[in-house]
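Open the model in your viewer and show it as a cartoon. This tour tells you what to select at each stop and what is found there.

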Amino acid sequence: MGKELNCSVRFGKQQSEGKALLETSEILFRGEFRLKIPFSTIKSAKAVDGELRLQTADGLAVFHLGAASEKWCDKILHPKSRIEKLGVKPRAKVALLGEFDADFLCELGSLTRTVSKGKAASDSDWTFFMADSKEDLAALPKISKSMQDAAALWIVYPKGQKHITENDVLAAGRKSGLKDVKVVGFSSTHTALKFVIPLASR
């Protein structure tokens, strides 16, 4: 879930009012025409006189964002790393449930050495749970009971699949007494939803 603004966009000979959305790895526009511009495809980004000017392989896209243009430009030029978006702090106690890719394990290892695998430890600050199917979500009640105070649970699940959807994950988390607070693109194939214990229950 990124920032969004109503604005005017010019792209080639097209110009339209609509809504621009700044996501974690792309910028979107929905108006009389639509744009989806991944950060990785942007050749240059500049903020000039209230305009965000993005040079892409398909041409120049100009977003009339006013005062927000500089902030959006900075976020495009300096996107947060995955581990920053997930919020894991140095020396945090992390529990991993399920199989995670080597890149993620390496990112975690650069921050903390306290990583347990296969067990929902009650003293964990962060728990990452890989849910590949709806059936996997049956483990959530047990995981949620192991959480304490301000501990956070990230449920990582496949994008764009019918056998497990965002609604399935949200429903299972809420049924387990947890509150959903954030969503992050975990990878090109997976999404992560963050859950915490509601303040009233801590």
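Helices here are DSSP runs of H or I with at least four residues, numbered from the N terminus. The model on screen is predicted.

**Stop 1: the whole chain**

Start with everything selected. The secondary structure comes to five helices and 13 strands. The C-alpha atoms fill a box of roughly 55 × 35 × 30 Å along the principal axes. Of the 202 residues, 45% count as buried. Now show the surface: the accessible area is about 11,500 Å², and carbon and sulfur atoms account for 49% of it. Among contacts in the chain with a separation of 6 or more, 52% are between residues 24 or more positions apart.

**Stop 2: helix 5**

Select residues 166–175, which make up helix 5. Which residues of helix 5 are buried? They are Asp168, Val169, Leu170, Ala172 and Gly173. An α-helix has 3.6 residues a turn, so residues three or four places apart point the same way.

What covers the buried residues of helix 5? Add helix 4 (140–146), strand 11, strand 12 (179–185) and strand 13 (190–196) to the selection; the cover includes these elements. Then move just past the end of helix 5 to Gly177, where phi is positive, at about 85°.

**Stop 3: Ala152 in strand 11**

Strand 11, part of the cover of helix 5, spans residues 152–158, and Ala152 belongs to it. Is Ala152 buried or exposed? Ala152 counts as buried because its relative accessibility is 3%, and buried means under 20%.

Next, show the contacts of Ala152. Apart from neighbours within four places in sequence, Ala152 touches Asp125, Trp126, Thr127, Met147, Lys194, Phe195 and Val196. For a distance to try in the viewer, pick the C-alpha atoms of Ala152 and Ala20: they are 30 Å apart in space, and the two residues are 132 apart in sequence.

**Stop 4: charges on the surface**

Select Lys3, Lys71, Lys75, Lys80, Lys89 and Lys182, which form a positive surface patch. Lys3 is located in strand 1 (residues 3–11). Lys3 is partly exposed because its relative accessible area is 41%, which falls between the 20% and 50% cut-offs.

Finally, colour the chain by charge. There are 32 positive and 24 negative charges, and the mean positions of the two sets are 2 Å apart.

Notes: Residues numbered from 1 in each chain as written. Predicted model: local features only at pLDDT ≥ 70, side-chain atom pairs only at ≥ 80, totals over all residues. Heavy atoms only, no water. Patch = residues over 30% accessible without salt bridge, like charges linked within 9 Å, V, L, I, M, F, W, Y side chains within 5 Å. Areas by Shrake-Rupley, 256 points an atom, 1.4 Å probe, with all protein chains shown as cover. Salt bridge = Lys/Arg side-chain N within 4 Å of Asp/Glu carboxyl O. Lys, Arg positive; Asp, Glu negative; His and termini not counted. Charge placed at Lys NZ, Arg CZ, Asp CG, Glu CD. Helix = DSSP H or I, 4+ residues; strand = E, 2+ residues; numbered from the N terminus. Buried < 20%, exposed > 50% of the residue type's maximum accessible area, 1.4 Å probe, protein only. Contact = heavy atoms within 4.5 Å.
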